[in-house]
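Biologist: Could you walk me through this one with the numbers and cut-offs spelled out?

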Amino acid sequence: MRLSLRRRLKYLPMRRRYTPGHLIPKRSIKLSRMLQRVCDQVIQRFDGWMAQHFGDGFVVYFGVPSRSHEDNARRAVHTALEIVGSMARLSQEFERQRCGITVRVGIHTGIAVISALGGGDRRVQLALGDHPT
């Protein structure tokens, strides 16, 4: 088994921001889960790899060895467009909760080395290299 691989990746970072409203924690969690479910479905449909997930966003790679396609760039663009479109539709639900949501999506390309980092139970696959982090 190779410990690291050099690949040209398409890198899609996404961040979301809630406009302050009158959200109680239970509703906030419900809306966050709804957002994540929609994003996961879109990413899966275009065969992206969810590399990192954090509270207000995530990073998706296209072109990792197990999910590499000739049209990785097209897949990344369609993923970004569908996520933005989905968020526009979901914003109606947020407005009913007296809260707003905005998303920012970028697409970058670069050479990266994909490798497992960390130790013990905290070991994760990351892409390090010529792309924004």
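**Surface, fold and core**

Biologist: How much accessible area do Val 77, Leu 81 and Ile 107 have together in their nonpolar patch?

Modeller: A patch takes residues with over 30% relative accessible area and no salt bridge, joining like charges within 9 Å and nonpolar side chains (Val, Leu, Ile, Met, Phe, Trp, Tyr) within 5 Å. Areas come from the Shrake-Rupley method with a 1.4 Å probe, and for residues only the protein chains shown count as cover. On that basis Val 77, Leu 81 and Ile 107 form a nonpolar surface patch whose joint accessible area is about 250 Å².

Biologist: What should I keep in mind about the model and its numbering?

Modeller: This is a predicted model, so to speak a computed one: local features need pLDDT of at least 70 and side-chain atom pairs count only at pLDDT 80 or more, while totals for chains, interfaces and linings use all residues. Side-chain values use heavy atoms, leaving out hydrogens and water, and residues are numbered along each chain as its sequence is written, from 1.

Biologist: Is Val 77 buried, partly exposed or exposed?

Modeller: Helices (H or I, at least four residues) and strands (E, at least two) are DSSP runs numbered from the N terminus, and Val 77 sits in helix α2, residues 72–96. Buried means under 20% relative accessible area and exposed over 50%, with partly exposed in between (1.4 Å probe, protein chains only). Because its relative accessible area is 37%, Val 77 is partly exposed.

Biologist: In what order do the helices and strands follow along the sequence?

Modeller: The protein has two helices and six strands. Read along the sequence, they follow the pattern β-α-β-β-α-β-β-β.

Biologist: What share of the contacts with a separation of 6 or more joins residues 24 or more positions apart?

Modeller: A contact here means heavy atoms within 4.5 Å. Of the 133 residues in the protein, 38% are buried. Among contacts with a separation of 6 or more, the share from residues 24 or more positions apart is 67%.

Biologist: Which side chain makes a polar contact with the side chain of Gln 36?

Modeller: Gln 36 belongs to helix α1, residues 25–45, and it counts as buried because its relative accessibility is 13%. Leaving aside neighbours within four places in sequence, Gln 36 is in contact with Arg 16, Met 50, His 53 and Phe 58. A polar contact is a pair of N or O atoms within 3.5 Å; within protein, one must be able to donate a hydrogen and the other to accept it, and residues adjacent in sequence count only if both atoms are side-chain atoms. At 2.5 Å, the side-chain partner of Gln 36 is His 53.

Biologist: How many residues apart are Arg 45 and Glu 82, the pair that meets in a salt bridge?

Modeller: Side chains of opposite charge can pair when their charged atoms come close. The rule for a salt bridge is a side-chain nitrogen of Lys or Arg within 4 Å of a carboxyl oxygen of Asp or Glu, and Arg 45 and Glu 82 satisfy it at 2.3 Å, N to O. The pair links distant parts of the chain, with Arg 45 in helix α1 and Glu 82 in helix α2, and the separation is 37 residues.

Biologist: Which residues are linked in a network of salt bridges?

Modeller: The side chains of Asp 71 and Arg 74 meet at 2.5 Å, N to O, and those of Arg 75 and Asp 71 at 2.8 Å. Asp 71 is partly exposed at 24% relative accessibility, whereas Arg 75 counts as buried at 15%. The network links Asp 71, Arg 74 and Arg 75.

Biologist: Which element gives the most residues to the largest nonpolar core?

Modeller: A nonpolar core is a set of buried Ala, Val, Leu, Ile, Met, Phe, Trp, Tyr and Cys residues joined through side-chain atoms within 4.5 Å. The largest has 21 residues, and Phe 58, Ile 83 and Met 87 have the most contacts inside it. At least two residues each come from β1 (4–19), α1, β3 (57–62) and α2. With seven residues, the element giving the most is α1.

Biologist: How far apart in space are Gln 125 and Gln 52?

Modeller: Gln 125 lies in strand β6, residues 124–129, and is partly exposed at 38% relative accessibility. In sequence, Gln 125 and Gln 52 are 73 residues apart, but C-alpha to C-alpha the distance in space is 8.9 Å.
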